[in-house]
Amino acid sequence: MGTREIKSPEGLPETPVSFDGILDSSQRKKLNVYFIESDNRRMALGRGYTGGTTPVNVHGKPIADLSKTGGWIAAIFIFGNEMAERMAYFGLSVNMVAFMFYVMHKPFSSSSTAVNNFLGISQVSSVLGGFLADAYLGRYWTIAIFTTIYLGGLTGITLCATMNIFVPNQDQCDQISLLLGKCEPAKSWQMVYLYAVLYITGFGAAGIRPCVSSFGADQFDERSKDYKTHLDRFFNFFYLSVTIGAIVAFTLVVYIQMKHGWGSAFGSLAIAMGISNILFFVGTPLYRHRLPGGSPLTRVAQVLVAAFRKRNASFSSGEYIGLYEVPGKRSAIKGSGKIAHTDDFRCLDKAALQLKEDGAADPSPWRLCTVTQVEEVKILIKLIPIPACTIMLNVVLTEYLTLSVQQAYTLNTHMGRLKLPVTCMPVFPGLSIFLILSLYYSIFVPMSRRITGHPHGASQLQRVGIGLAVSIISVAWAGIFERYRRNYAIEHGYEVSFLSPMPNLSAFWLLIQYCLIGIAEVFCIVGLLEFLYEEAPDAMKSIGSAYAALAGGLGCFIASILNSIIKSTTGNAEKRQPSWLSQNINTGRFDHLYWLLAVLSVINFCVFLYYARRYKYRTQQKIETTENKQNTPSMEAK
């Protein structure tokens, strides 16, 4: 086996690097000066390497005629699966709190905590789904397996609401008994069963959340000149399908619950999920697939171990040969193209540092990694701050799902002669999202294009920033209105009757905060999903999408933790001082919580601005790399 050393000209600007103390300029060696290209390379799991991101069919074989697969027709089948999943997700998030309170006789506080944990599990577990998809199963089979688990969980919940054996005795349990906590509590095994099927349902989302958006985006040809436009529209339509699922959950499912009971409501979610599963499998011949690239965690671990082993090696040492990469245009990582070297996180470059002691024959990936493998880890690290800054938005969304329902119980929900159920109120953010997405390309994009000059109106990070800014306005308004609502209730004698609606105070004042948070969600989450898909490494697209779901899950858990801290620190049973989150909303101080969220959101927004201004898109880095090469003489091989 032969190796060849490719040397860049000495005219390139030097990059100041010092790992073994401060070096003078004559001793420095630039990381992109030398490249060793090997004709042989042993990868983890012995997978060798493929031609980058070439799409294949469900059997893993190249697609002969791409025109017969993929595109918008294939994406429609995928939209249906996500629509049903979100319909179930939002249907459970709203109705389960009421089900636990009215049927299982659990307090509002513990019911909302259990639902928050369900929401958190369904999103945090997405990391597992993303890992399995990128490493072993591929996105299609991951969706197929986990969507079946999801259906099983929904079936179990339906049985719980249908069969009397799974719920406590409902005799002599009127509204007064509920308020006083006198109704027969659920038995321990009944709650264990309910929690088990609820969390199984949440776990089923693990393989859907990180894969559906990425699998849908895989259906478009990245070599097409309209690829960027298709991708931008895809993520907007994808979130539109999410919104439609939420609207159906907040209206039709609530109507079914009121007319036909809890069993029929939860059963409708299971039926919708079953139908979407069938449609997803029907579309199988149309799908384009990306081969899994082997365990991304293994590749990350290899980079960290190799960099640690060579932590004392110096780039100015005579033992230093160059940075390791396989020859040609193809990457050693299955399903991935090559990634150009960058100057970020220079300490990780030691994992690709080729020393004489490494030898030239079949180097171990635990001691020597390719530049592309190292750059994968760098990208994953650079992406973290952006989705992390959306955790605060997810905290606000979680609080709205539970707290605003309690607010609505005290308000007049009549719309003319029509009385809307309290659990229908969260439909209004969905309606605002639907409206914004419908008008996005006809109004927002042309207007913002004149201001920013961006072809899509705003960059991905700009859209995330707009969403975070609007969420601050939303939660600030929520604090203002809640203060007014509470004072009104006390002044008009409703302090004790916290489940009695006040006829002269309309629940539609909540629409302002609902619509604002809907706008925030459109800009932030859609921009984030598109950002993560485009910026994530080729063989880690599902892991990238899982970042967004992980941020959502952490938001749910943080909301639960925040609520627990507030309950324990602001209430005093001995002094009969209620906490901010008292079950009686009229004696509690929900307005203080909203103002706390507003302050935290402002701090979070400032942190986002710091990282967003420092971030360089991968396309921007490629342009800079190309310009540097064009400004230097051609490389000389020796």
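Student: Which way does α14 cross α17, left-handed or right-handed?

Tutor: Look at how one helix is turned against the other. In this predicted model, α14 passes α17 in a left-handed crossing.

Student: Where do these two helices lie in the chain, and at what angle do they cross?

Tutor: Helix α14 covers residues 460–491, and helix α17 covers residues 590–614. Their axes cross at roughly 165 degrees and come within 8 Å.

Student: How do I turn that angle into a word?

Tutor: Angles over 145 degrees count as roughly antiparallel. So α14 is roughly antiparallel to α17.

Student: What classes of residue form the contact of α14 with α17?

Tutor: Sort the contact residues by class. This contact has 18 nonpolar residues, four polar and three charged.

Student: Let me try another pair. How do α15 and α16 pack?

Tutor: Start with the angle and the spacing. Helix α15 (residues 510–535) packs on helix α16 (residues 541–570) at about 155 degrees. The axes of the two are 8 Å apart. Therefore α15 and α16 are roughly antiparallel to each other.

Student: Is the crossing of α15 and α16 left-handed or right-handed?

Tutor: The crossing of α15 and α16 is right-handed.

Student: Which residues make that contact?

Tutor: Take one helix at a time. From α15 come Leu528, Leu529, Leu532, Tyr533 and Glu534. From α16 come Lys541, Gly544, Tyr547 and Ala548. By class, the contact of α15 with α16 holds six nonpolar residues, one polar and two charged.

Student: Now a single residue. Where is Ser125?

Tutor: Ser125 sits in the loop between α2 (108–124) and α3 (126–162).

Student: Is Ser125 buried or exposed?

Tutor: Check relative accessibility against the cut-off. Buried means under 20%. Ser125 has 14% relative accessibility, so Ser125 counts as buried.

Student: What does Ser125 touch?

Tutor: Set aside neighbours within four places in sequence. Ser125 is then in contact with Gly120, Gly202, Phe203 and Ala206.

Student: Let me step back. How many helices and strands does the protein chain have?

Tutor: The protein chain has 18 helices and nine strands.

Student: What share of the residues is buried?

Tutor: The chain has 638 residues, and 57% of them are buried.

Student: What about the area the chain exposes?

Tutor: The chain exposes about 27,000 Å². Carbon and sulfur atoms supply 62% of that area.

Student: And how far apart in sequence are the residues that meet?

Tutor: Count contacts between residues at least 6 apart in sequence. Of these, 84% join residues at least 24 apart.

Note on methods
Residues numbered from 1 in each chain as written. Predicted model: local features only at pLDDT ≥ 70, side-chain atom pairs only at ≥ 80, totals over all residues. Heavy atoms only, no water. Axes fitted to C-alpha atoms, helices over the stretch in contact; angles between N-to-C directions. Helix = DSSP H or I, 4+ residues; strand = E, 2+ residues; numbered from the N terminus. Parallel < 35°, antiparallel > 145°, perpendicular 65-115°, else oblique. Left-handed = near helix turned anticlockwise from the far one by under 90°. Nonpolar A, V, L, I, M, F, W, Y, C, P; charged D, E, K, R; others polar. Buried < 20%, exposed > 50% of the residue type's maximum accessible area, 1.4 Å probe, protein only. Contact = heavy atoms within 4.5 Å. Areas by Shrake-Rupley, 256 points an atom, 1.4 Å probe, with all protein chains shown as cover.
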